[in-house]
Amino acid sequence: MSLPTVVHLSLSYHYMQLPREVIVGKGTLERIPEVVTRLELRGKALVLSDEQCYGLVGKRVSGLLEKAGLIPDFLLVKSMTVDDLILVEKALKEKKPRVVFGVGGGTIIDAAKLSSASQNIPFISIPTTVSHDGIASPLASIKGSEKPYSVLAQAPLSIIADTEVISQAPWRFVISGCGDVISKFTAVRDWRLAHLEKGEYYGGYAASLALMSAKLVTENADLIANKQDEGLRVLLEALISCGVAMSIAGSSRPCSGSEHLFGHALDLVNHHHAMHGEQCGVGSILTSFLHGSNWQKIKATLQKLGAPTTAHELGVKDMDVVKALQVAAQIRPERYTILHKLNLGFDACETVARATGIID
Ligand SMILES: [Zn+2]
């Protein structure tokens, strides 16, 4: 009899948590029972959703879970503030599910991700919109917390994305998702810059994955703009790959750089802001200009998709854009980007916004 091999792990290991099953396509909700069987899920399950998504999709998910032999219960949430999270965690402690299904948009998926992580149970992501890469990432954001950006929680055990469901959501969500993916061009540039100038860890594989997603969405912009199922699948796969890139990197670095800091800053400057991916897309035009790279191509792709490329189209004042660009670096002083390097004053920010045609 041979003895089992003992593997001694180095203390400085790199931890990656990846989704085990990803199903993307038309009518994939019907595959839920087989996923449950393959993952050997048993006992109580909780479907976390909002009122609208529960009526449209969540109820159906519950029925399919029952069919798969699980005991489903549901919980409806409206928003994702610190108080909401406390309530969801309390409900999880009482209901004691063995798995959480997040059925909804970004807010719901984030609620499922954070609450399940804190209770040490897996969660499955069933997105009803494609507005940002949080549908597959291990990170989540909480409204009203001292950190306006996302924090590490856990990766979904599985992602079941049904394009038939997602195509029912307003087109603007798709545009926002595209903006979030295209913004990886500058996110990766910032990551490289931090590596070269500050010696920060840089993962070539995670960076390539994020970049490839941005390239694929750019190359397929016409297909996506045509509102075809195939285009939606390209976007979904790109968003999921971005989530996986963050899982591999162990942080949001490959997917969130100066353009995301601009987006978060705009949230603070103007509360009636646009969608996350729309703001990051515009941010990417600005910071691509600062990096001296091809900002015109980013702008042209966003225009092709019908995404906002000006302050007016974002629904904010010209000066809000300038202010946001100026204060963006302060959102995360520790996350070195081109904005930290250049430390631009108000006038320089205004010049950049004019040069890229974001403001008149
Ligand atoms: Zn994002």
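# Working through a predicted model

Setting aside residues up to four places away in sequence, Thr129 is in contact with Gly104, Gly105, Gly106, Ile135, Ile166, Ala169 and Phe173. Keep in mind that this is a predicted model. Now let's get to work.

## Exercise 1: Placing Thr129

Task: Work out where Thr129 lies, and whether Thr129 is buried or exposed.

Solution:

Step 1. Find the stretch of chain. Thr129 sits in the loop between S5 and S6.

Step 2. Check the accessibility. The relative accessible area of Thr129 is 9%, and anything under 20% counts as buried. So Thr129 is buried.

Step 3. Look at one of the contact partners, Gly104. Thr129 and Gly104 are 25 residues apart in sequence, and their C-alpha atoms are 7.0 Å apart in space.

## Exercise 2: The zinc site

Task: Which residues coordinate the zinc ion, and where along the chain do they come from?

Solution:

Step 1. List the donors. The zinc ion is coordinated by Asp180 through OD, His260 through NE2 and His276 through NE2, at 2.1 to 2.2 Å.

Step 2. Read off the spacing. Along the chain, the donors follow the pattern D-x79-H-x15-H.

Step 3. Put two of them on the map. Asp180 is in helix H6 and His260 is in helix H11 (residues 258-269), 80 residues apart, and this pair links distant parts of the chain.

Step 4. Ask about burial. Both Asp180 and His260 are buried.

## Exercise 3: How H6 meets H12

Task: Describe how helix H6 and helix H12 cross, and say what kinds of residues make the contact.

Solution:

Step 1. Start with the right quantities. Two packed helices are described by the angle between their axes and the distance between the axes.

Step 2. Fill in the values. The axes of H6 (residues 171-182) and H12 (residues 276-291) come within 7 Å, crossing at roughly 40°.

Step 3. Name the arrangement. H6 and H12 are therefore oblique to each other, and their crossing is left-handed.

Step 4. Find the residues. H6 brings Arg172, Ile175, Ser176, Gly179, Asp180 and Ile182 to the contact, while H12 brings His276, Gly277, Glu278, Gly281 and Ser284.

Step 5. Sort them by class. The contact of H6 with H12 has 2 nonpolar, 6 polar and 3 charged residues. Two names in this contact, Asp180 and His276, should ring a bell: they also coordinate the zinc ion.

## Exercise 4: Two more helix pairs

Task: For H12 with H17 and for H8 with H10, what is the arrangement, and which classes of residue make the contact?

Solution:

Step 1. Take H12 and H17. The axes of H12 and H17 (residues 346-355) come within 10 Å and cross at roughly 105°. That angle falls between 65 and 115 degrees, so H12 and H17 are roughly perpendicular to each other.

Step 2. Look at the contact. Here Leu286, Phe289 and Leu290 of H12 meet Val352, Ala353 and Ala355 of H17. By class, that gives 6 nonpolar, no polar and no charged residues.

Step 3. Turn to H8 and H10. The axes of H8 (residues 204-219) and H10 come within 8 Å, with a crossing of roughly 165°. An angle over 145 counts as roughly antiparallel, and H8 and H10 are therefore roughly antiparallel to each other. The crossing is left-handed.

Step 4. Check who meets whom. The H8 side includes Tyr205, Leu209 and Ser213, and the H10 side includes Val234, Ser241 and Ile248. By class, the contact of H8 with H10 has 14 nonpolar, 2 polar and no charged residues.

## Exercise 5: Three loop residues

Task: Where do Asn120, Lys227 and Ser141 lie, and how exposed is each?

Solution:

Step 1. Asn120 is in the loop between helix H4 (106-118) and strand S5 (123-127). With a relative accessible area of 74%, Asn120 is exposed. Asn120 also has a positive phi of about 60°, although it is not a glycine.

Step 2. Lys227 is in the loop between helix H9 (221-225) and helix H10 (229-249). Its relative accessible area is 53%, so Lys227 is exposed. Lys227 is not a glycine either, yet has a positive phi of about 60°.

Step 3. Ser141 is in the loop between strand S6 (139-140) and strand S7 (151-152). At 31% relative accessibility, Ser141 counts as partly exposed.

Step 4. Add the surroundings of Ser141. Leaving out residues up to four places away in sequence, Ser141 touches Met80, Asp110, Leu114, Tyr149 and Ser150. The C-alpha atoms of Ser141 and Asp180 are separated by 15 Å, with their positions 39 residues apart along the chain.

Note on methods: Residues are numbered from 1 along each chain as its sequence is written. This is a predicted model: local features need pLDDT of at least 70, side-chain atom pairs count only at pLDDT 80 or more; totals for chains, interfaces and linings use all residues. Side-chain values use heavy atoms; hydrogens and water are left out. Axes are lines fitted to C-alpha atoms, for helices over the stretch in contact, and angles run from 0 to 180 degrees between N-to-C directions. Helices (H or I, at least four residues) and strands (E, at least two) are DSSP runs, numbered from the N terminus. Angles under 35 degrees count as roughly parallel, over 145 as roughly antiparallel, 65 to 115 as roughly perpendicular and the rest as oblique. A crossing is left-handed if the near helix is turned anticlockwise from the far one by less than a right angle, and right-handed if clockwise. Contact means heavy atoms within 4.5 Å. Ala, Val, Leu, Ile, Met, Phe, Trp, Tyr, Cys and Pro count as nonpolar, Asp, Glu, Lys and Arg as charged, and the others, Gly among them, as polar. Donors are N, O and S atoms within 2.8 Å of the metal (3.2 Å for Na, K and Ca); water is not among the atoms, so sites may look incomplete. Buried means under 20% relative accessible area, exposed over 50%, partly exposed in between (1.4 Å probe, protein chains only).
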